[in-house]
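The following exercises are to be worked with the sequence and the model at hand. Each task is followed by a solution in steps.

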Amino acid sequence: MIIFRYLSRDLLITSLAVTAVLLTIFLSGKFSDYLDDAAQGKLAVDVLFTIIAYRMPNLLELILPLGFYLAILLTYGRMYIESEMVVLSATGMSQWQLVRITLIPAALVAIIVAAFSFWVSPLGAQLTEQTLAEQRNRSEFESLQEGRFQSIGQGRIMTYVEQVSDDNKRLEKVFVAQQDGQASSTIVIAETGAQAYKPDYGQRYLVLHNGYRYEGRPGTSEFKITRFSEWGRYLPPTTSVAEFESEADAKTTAQLLAADDIESKATLQWRISMPLMVLIATLLAVPLSKTNPRQGRYLKMLPAILIYVFYLSFLINARGAIAEGDLPVWLGVWVVHIPFLLIALLMLNWQVLLQPRTKATRSAHA
């Protein structure tokens, strides 16, 4: 029990630290993408952190298995370098006993990953879709930000607003420039602006008050100037980037079990794969962590990471092949799990398999 507590504590603490670092890296990349969408007016700034929070379970579902896998490599690699594993081996601990001890915290991590995969991530996907649907239903009026030039209308219109009210319903000092053709352009300047909604048509309009409209060809005197007390323009809804490749991601596990389409079956197998991957990756990591003190603790790190990357990539490709009908559902992701499980078992029994050959070599020399 002392050895079990020592190893489990080190594994879980290292896994938590590695997962936190990986999560920070992935979230930074996602956040920069969302900031870019917000800068283009596709997302409101006040929903950025909400979407990040909804997306976090899906990221943890992928990061936790990798974090625990790296924790085994780092923790056991350090123990081999510092000869702690030699001491444990001298006290009678075999590699299989080490595997059994390691599988206990691995089972805990697998249960957490299963909770994310089966329940929390689908809920986050549903909430993300709802938020993005609300963003798609916004008008471009609501995406305007004060004190900056902003492109709307798929880049055809340039706007500038000096001040926006707190409820995003009133604009002050509005500038709108539109290129009507290769030689013609329209510029509108107004004191105030507001949004008008026509429920009969389900359409929104930008209504400007007390301003001027300039139409003509830049660089020439062919301009038409119109003074208006009220001028309106149709506001198309914003276009938000689709967040999930598959609609099945937002379905509950119960809905996936009841569904007959291959996309739902592929998603269900993917959810089962995540906790199963934790256990198989553990069996891979234990022999890969064995390091000769003369070689250094990081010698096997790169090959081990490449093996994990191949494992995850094959799973992703298998899911896509099932959804597209290129891979039978009954074969599914098991065509990936079973070979990697066999590889792990082969690595764990490699010394046992070599013993007959070693004995035969010694007998020949004798």
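Buried means under 20% relative accessible area, exposed over 50%, and partly exposed in between, with a 1.4 Å probe and protein chains only. The model is predicted, so local features need pLDDT of at least 70 and side-chain atom pairs count only at pLDDT 80 or more, while totals for chains, interfaces and linings use all residues. Residues are numbered from 1 along each chain as its sequence is written, and side-chain values use heavy atoms, with hydrogens and water left out.

**Exercise 1. Salt bridges**

Classify Arg170 and Glu172 by accessibility, and determine which salt bridges join into one network.

Step 1. A salt bridge requires a side-chain nitrogen of Lys or Arg within 4 Å of a carboxyl oxygen of Asp or Glu. A search of the whole structure finds six.

Step 2. In the salt bridge of Arg170 with Glu172, the closest N and O atoms are 3.0 Å apart. Glu172 has a relative accessible area of 25% and is therefore partly exposed; Arg170, at 42%, is also partly exposed.

Step 3. Through shared partners, salt bridges join Asp10, Arg78, Glu82 and Glu84 into one network.

Step 4. Within this network, Asp10 and Arg78 have their closest N and O atoms 2.9 Å apart. Helices are DSSP runs of H or I with at least four residues, numbered from the N terminus. Because Asp10 lies in helix 1 (residues 2-39) and Arg78 in helix 2, the pair ties together parts that are 68 residues apart in sequence. Asp10 is buried, with a relative accessible area of 16%.

Step 5. Arg78 also forms a salt bridge with Glu82, at 3.1 Å between the closest N and O atoms. Glu82 counts as partly exposed, at 46% relative accessibility.

**Exercise 2. Aromatic pairs**

Determine the geometry of the pair Tyr69 and Tyr308 and of the pair Phe118 and Trp119.

Step 1. Rings of Phe, Tyr and Trp (its six-membered ring) pair if their centres lie within 6.5 Å; planes under 30 degrees apart count as stacked, over 60 as edge-to-face and the rest as tilted. The structure holds eight such pairs.

Step 2. The ring centres of Tyr69 and Tyr308 are 5.0 Å apart and the planes stand at 35°, so this pair is tilted. Tyr69 belongs to helix 2 (residues 48-81) and Tyr308 to helix 7 (residues 301-323), 239 residues apart. Both Tyr69 and Tyr308 are buried.

Step 3. For Phe118 and Trp119, the centres are 5.9 Å apart and the planes at 65°, so the pair is edge-to-face. Phe118 is buried at 18% relative accessibility, whereas Trp119 is exposed at 62%.

Step 4. One aromatic cluster is formed by Phe310, Tyr311, Phe314 and Phe340.

**Exercise 3. Helix 8**

Which residues of helix 8 are buried, and where do they lie around the axis?

Step 1. Helix 8 (residues 334-348) has 15 residues and reaches 21 Å from its first C-alpha to its last, close to the 21 Å expected at 1.5 Å a residue. The expected span is 1.5 Å times one less than the number of residues.

Step 2. The buried residues of helix 8 are Val336, His337, Phe340, Ala344 and Leu348. They cover an arc of only 95° around the axis, which puts them on the same side of helix 8; the arc is that of the directions from the helix axis to the C-beta atoms.

Step 3. An α-helix has 3.6 residues a turn, so residues three or four places apart point the same way.

Definitions and conventions
Helices (H or I, at least four residues) and strands (E, at least two) are DSSP runs, numbered from the N terminus.
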